[in-house]
Amino acid sequence: MNAKLVPAGVAVAASVGLAVAIGGASAEARPAASHAIERAPAVVALPQRAKVDPNRYPFGAPTGPADYEVPPPPEQPTLVPTIGTKTTQRLYGSTPFQEAVSVTQHIWPAALPENAPGENDNDPDRPWALTLITPDDPLTGITATPLIHFPDDAPVLYVTKDGIPQITLNEIKRLGDTGISRYHNIDAFLVGAAANSAVERQLKDIGLKYVTVTAPTVPELADKVDRLYGSIENPDTGVADMGNAMQNVMIGSLDGTDYRYLLPATHWVAHMASGLLWVNRDSVPEATVRALQRRDGAARIYLFGGPEQISSAVARELSRHGTVIRITNDDIVAFNSDPKDNPVDTAIAFAKMWDPTGMVGWKITGPGHGFTLVHIDDWQGAVASAPLSHLGFHAPLLLTKSPTTLPTAVDGYLRSVAPTFLTTPADGPYNMTYVIGSWSRISWPLQAHVDYVSEMANRRLWNQNTGGRYGDTSE
C-alpha cells in the first residue's frame, strides 16, 4: 500500500473494509430531510364513462393500464425502463433510492466484463467506485459530491442507517465497479451516516472494499472530503486542481435552507475537479479556513447566493485566501439595486456564466446542450443526478418549484436556448432535458411542456422570436 496516497489525518486499516476514521457528523449540524419518502402510486384507469375534457381527449379518454410493458434486457433483469420524449428523458423515482438507481442505470450499462479494454479509460462502461450516503441529510449529501468526478468515478447511491436496501444492493451488484486504481482499488466511499456497521457488513459480505468518511460537523466533513479527493486527484499537492494550477472551490451557506443555492454546484464538482466547502452567513468555520489555507492563497472561490445568503463581510474574509466570485443573478453594472436572489435564478445564472480564468461555468446561452430538471424540494434527486453532468450530455442543474408549471425564468431560459434551423432540422443541434423524480414531483404535462419548448423550430417563420443556433453559445 502506498502511504503517499493517503491524506493526512486518515487512518487506513488493512482489511476488506478500509476506514477513514474521523468520527460521526452531529445531528445539530444537519437540517431535517426536506420531504418524506414517497410511495409509488398505483395505476388508476379513467372510467370509460368519466367526464373528460374534449379538447384534450377529442375521441374519448383511453382506459385501463398500459397496453404493454417493456421488459428489461434478459442480461440485466433489474434495469427499469423509463419514459422519454423527443427532447426529454424521465429518470423516474418515487423514493431517493429509486432516483439514484435510475441515474446509474441510465449512465453505466455495465454490459462489458470488468476486464474489457477501456474499462479504466475516461468513459467507462461501469463506474470505478460508488459514493454511499443516506437520504435524510442534505448537507452531507451535497458535501459528498466531489467524490463523483474522475479519477474516482463514484456515483451516488442511497443507503440507510440500518443497512443497504434491496434496490440499492441489486444496483451495486449490477454495476460491478472496477475499483479505483489510483486509490488502493477502493470500491466505495461511505460518507456520514452511511458509515454504519450494517452497511459495512453487507459490503464485506459481497467483497467490496470501502473507506468511511465522517466528521463531527459538516464543515469538518467537507474538509475531510476535500483532502481525500485532493489526495487521489492530485497527490503532488493533495489539492484538487483543473490541471492548469487552478484550484477552484464552490462555497455555500449552512443557514436554514440556503443549501439549495449550492445544489447547482453538485453537478459542477461532478464535472470538473473542484473543492466544495461551507460557511455561515456571517462567519467562516475553522475547517473551511484550513481547507482554503491548503491552497496557499491561490484559491478561486465561487459563492453561491447573494449577500443575504453569504454576507459581504464573509466574502471579504474569504478573499484573504484567493479570488472571490459571486454566483448570483445580480449585475452590478446593469442594476441600480440588487435583485432578490433565489435558488432558481442562481441555477440559471450558473448555467449561463463562464469564468475563463478558473474555467468555471457552463456558458450555455445557445442550443445544443443538456439540462437536468429537479424539483427544488428534492435535494436527493439533485444530488443523485449529479453524474448526468459527469458523463453523457453533461447536463447542468435547473430547478422548478411547482410540479405543474415552470418558473417564468426557467421557461424563458429554455426557450432562449432552444434550437432553430435555417436550412434543415437534420443539421441540429438538439437539446436534452433529464426530468428527475416522480409524477408528483414533476408532472407528465410539465415534462411535455419542456419537450415542446425545447424542440427544433423553423427560424424562417415570421413569428419565431426565440431560440438560436449552435454558434450562439457565448464564448
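In which sense, parallel or antiparallel, do strand 2 and strand 4 pair, and over how many bridges? Strand 2 (residues 130–133) and strand 4 pair in the parallel sense, over three bridges. The views below come from a predicted model.

**View 1. The whole chain combines 12 helices with 14 strands.** The chain has 475 residues, and 56% of them are buried. Contacts between residues at least 6 apart in sequence are mostly long-range: 73% of them join residues at least 24 apart. The chain exposes about 20,300 Å². Carbon and sulfur atoms supply 53% of that area.

**View 2. Strand 4 pairs with strand 2 and with strand 5.** The pairing of strand 4 with strand 2 is parallel and runs over three bridges. Here Thr 131 has Phe 189 of strand 4 as its bridge partner. Strand 5 (residues 210–213) also pairs with strand 4 in the parallel sense, over four bridges. In that pairing, Val 191 has Val 213 of strand 5 as its bridge partner.

**View 3. Strand 4 (residues 188–191) is covered on both faces.** In a regular strand, side chains alternate between the two faces of the sheet. Ala 188 and Leu 190 lie on one side of strand 4. Phe 189 and Val 191 lie on the other. All four are buried. Two of these residues recur in the bridges of View 2: Phe 189 is the partner of Thr 131, and Val 191 is the partner of Val 213.

**View 4. The second largest cavity holds about 30 Å³ of space.** The structure has two cavities of 30 Å³ or more. Pro 146, Ala 222, Val 225, Asp 226, Tyr 229, Ser 274, Gly 275 and Leu 276 line the second largest. Which element gives the largest share of this lining? Helix 5 does, with four residues. Helix 5 spans 218–233, and strand 7 spans 275–279; each supplies at least two lining residues. By class, the lining divides into five nonpolar residues, two polar and one charged.

**View 5. Val 52 sits in the segment before strand 1.** Strand 1 covers residues 88–91. Is Val 52 buried or partly exposed? Val 52 counts as partly exposed because its relative accessibility is 27%, and the buried class requires under 20%. Leaving aside residues up to four places away in sequence, Val 52 touches Tyr 57 and Ala 61.

Technical notes: Residues numbered from 1 in each chain as written. Predicted model: local features only at pLDDT ≥ 70, side-chain atom pairs only at ≥ 80, totals over all residues. Heavy atoms only, no water. Buried < 20%, exposed > 50% of the residue type's maximum accessible area, 1.4 Å probe, protein only. Contact = heavy atoms within 4.5 Å. Areas by Shrake-Rupley, 256 points an atom, 1.4 Å probe, with all protein chains shown as cover. 1 Å grid on protein atoms, 1.4 Å probe; cavity = no way out; pocket = protein on both sides within 12 Å on 5 of 7 lines; lining within 4 Å. Points joined across faces, edges and corners; volume = space filled by probe spheres on them. Nonpolar A, V, L, I, M, F, W, Y, C, P; charged D, E, K, R; others polar. Pairing = 2+ DSSP bridges.
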